[in-house]
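Subject: The structure we talked about

Hi,

Here is the structure I promised to pass on. Have a look around it before you read my notes below.

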Amino acid sequence: MSSSVPRLVVAAPSSGSGKTTVATGLMAAFAERGLAVSPHKVGPDYIDPGYHALATGRVGRNLDAYLCGPDLIGPLFRHGARGCDIAVVEGVMGLYDGAAGEGELASTAQVAKLLRAPVVLVVDASSQSRSVAALVHGFSSWDPEVRIGGVILNKVASDRHEALLREALDAAGVPVLGVLRRAAQVDTPSRHLGLVPVAERRADAVDAVAAMAAQVRQGCDLEALLALARSAGALPGEPWEPPVTATGRREVVAVAGGPAFTFSYAEHAELLTAAGAVVVTFDPLRDEQLPDGTRGLVVGGGFPEVYAAELSANEPLRKAISELALSGAPVAAECAGLLYLCRELDGQPMCGVLDATARMTERLTLGYRDAVAVGDSVLAAAGTRMRGHEFHRTVVEPGSGAAPAWGVRAPHRRVEGFVQQGVHASYLHMHWASAPGVARRFVERCRTS
């Protein structure tokens, strides 16, 4: 099978150039035309896909060649883009920036090549004129397998500035597909190197996406961009599918959601469902009890430190989660979920499942991790190797329990996380599509616990 879904990759020379504004604006502008738009994000970021979902009405999906491996990028893309008229893929960092010390691995350039997709380069032109041609020439010639199909100039100051930029790029032979003026109304607040999640500012986020769409609609040649997307060749292969292993009764798996727990890959719920779970989302800020019939619990990432007081105030739910964990039921917690299971977070009582405390710090911990399961758990057998991503400004003390979750190789060798009874809690974010047996093992434990 081959896929010929028209597609574009929106990239930039560096972070902060305006990729999210352009990518999200393009998604919304194409959707306004009645096109079914498939939104994607290169890398592990959970936040941008929330804005993409607002723009398109479809779930945002990640394409991470480090977490999932290069061979899964095409299948995961085809899975998400199935039935769509066009796909827009937002890059990460600079076009050629990937996992540290791993060459092009997990870079936007690598994903563009794997998808056989043309690249639109978003350039912050605020402090340059003729030099823009040298910059674009360098990026377009660095790797001949990466096809730069055009440039969108961002933060252009005036008509005169635009004329100088266009003149320079005419000589470089790269078409200008859009020019965006500075526009404060599309600015969105940031936290920890990323935007504030949609769930925390829903109304403002809707307005921001509408402003992005208006700016792109007014400043970009949508017909030329659509034609460029249609120039992408066929992408051979089959779409990824969650392996269906459901047998016997279906068990309720509660998944934390709401503003405090916004970090989750769409494929996780699909894998759990295929393995025989009934996935029910609940909001720990609002719901005082777990969903009826809960046999397993998944608490992903987010920013619980922002809501520590509210989470603490929901004592009935904290008690219910503690009782579920003590019963031996499977509980999988990542990063924010780990903090929530501690005795306290920044002095506020949490669920008390783990004999540990958590607090905010000034230090940012960020990076990909190679990990191996130290012992058996509800997610993995001892010795299972997985790749994860760590992203937080908190510290948990102690950093691991008597039975740690993972042994981590870099940036320094250590063990981290907690495995006790049915609980698996760790700072590492994993993409379960890379190891579908994780979901199957978790649901099987729901049946037998």
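Below is what I found, going from one sheet and its helices to a single residue and then to the cores.

One thing to keep in mind as you read: this is a predicted model.

Let's start with the open sheet of 6 strands. Its order is 13-12-14-15-23-22, and the pairing is mixed. Which strands stand at the edges? They are strand 13 (277-282) and strand 22 (418-420); each has a single partner strand, so one side of each is left without a neighbour in the sheet. From one strand to the next, the twist averages 15°.

Further in, you can follow one pairing in detail. Strand 15 (residues 331-334) runs parallel to strand 23 (residues 423-426), with 4 bridges between them. If you want a spot to zoom in on, try Val331, which sits opposite Val423 in strand 23.

Two helices go with this sheet. Helix 11 (residues 315-326) packs on it and touches strand 13, strand 14 (294-299), strand 15 and strand 23. The direction of helix 11 makes about 110° with that of strand 14. Helix 13 (residues 437-448) lies across strand 12 (251-256), strand 13, strand 14 and strand 15, and it runs at about 145° to strand 14.

Helix 13 is worth a second look. Its 12 residues reach 16 Å from the first C-alpha to the last, close to the 16 Å expected at 1.5 Å a residue. Its buried residues are Val438, Ala439, Arg441, Phe442, Val443, Cys446 and Arg447. What covers them includes helix 9 (266-274) and strand 19, along with strands 12, 13, 14 and 15.

Strand 19 (residues 385-397) is also where you'll find Glu390. Is Glu390 buried or exposed? Its relative accessibility is 3%, and buried means under 20%, so Glu390 counts as buried. The side chain of Glu390 makes a polar contact of 2.7 Å with the side chain of Arg414. Leaving aside neighbours within four places in sequence, the residues in contact with Glu390 are Thr365, Leu366, Gly367, Arg369, Arg414, Tyr427 and Leu428.

Now jump back towards the start of the chain, to strand 2 (residues 7-11). Why is strand 2 largely enclosed by the rest of the structure? Because 5 of its 5 residues are buried. In a regular strand, side chains alternate between the two faces of the sheet. Here, Arg7, Val9 and Ala11 point one way from strand 2, while Leu8 and Val10 point the other way.

Strand 2 has parallel partners too. It is joined to strand 5 (residues 86-90) by 4 bridges, and Val9 stands opposite Val89 there. Another 3 bridges join strand 2 to strand 6 (residues 119-124), also running parallel, where Leu121 is opposite Ala11.

Last, the nonpolar cores. The largest has 110 residues, and Leu153 and Leu225 touch the most other members. Helix 1 (residues 19-32) gives the largest share of this core, 7 residues. Not counting residues up to four places away in sequence, Leu153 touches Val123, Val132, Leu165, Leu169, Val176, Gly178, Val179 and Leu180. There is also a second, separate core of 38 residues, which includes Phe261, Cys342, Ala425 and Tyr427. You have met Tyr427 already: it is among the contacts of Glu390.

Have fun exploring!

Notes. Residues are numbered from 1 along each chain as its sequence is written. This is a predicted model: local features need pLDDT of at least 70, side-chain atom pairs count only at pLDDT 80 or more; totals for chains, interfaces and linings use all residues. Side-chain values use heavy atoms; hydrogens and water are left out. Buried means under 20% relative accessible area, exposed over 50%, partly exposed in between (1.4 Å probe, protein chains only). A polar contact is a pair of N or O atoms within 3.5 Å; within protein, one must be able to donate a hydrogen and the other to accept it, and residues adjacent in sequence count only if both atoms are side-chain atoms. Contact means heavy atoms within 4.5 Å. Two strands pair if DSSP finds at least two bridges between them. Axes are lines fitted to C-alpha atoms, for helices over the stretch in contact, and angles run from 0 to 180 degrees between N-to-C directions. The expected span of a helix is 1.5 Å times one less than its number of residues. A nonpolar core is a set of buried Ala, Val, Leu, Ile, Met, Phe, Trp, Tyr and Cys residues joined through side-chain atoms within 4.5 Å.
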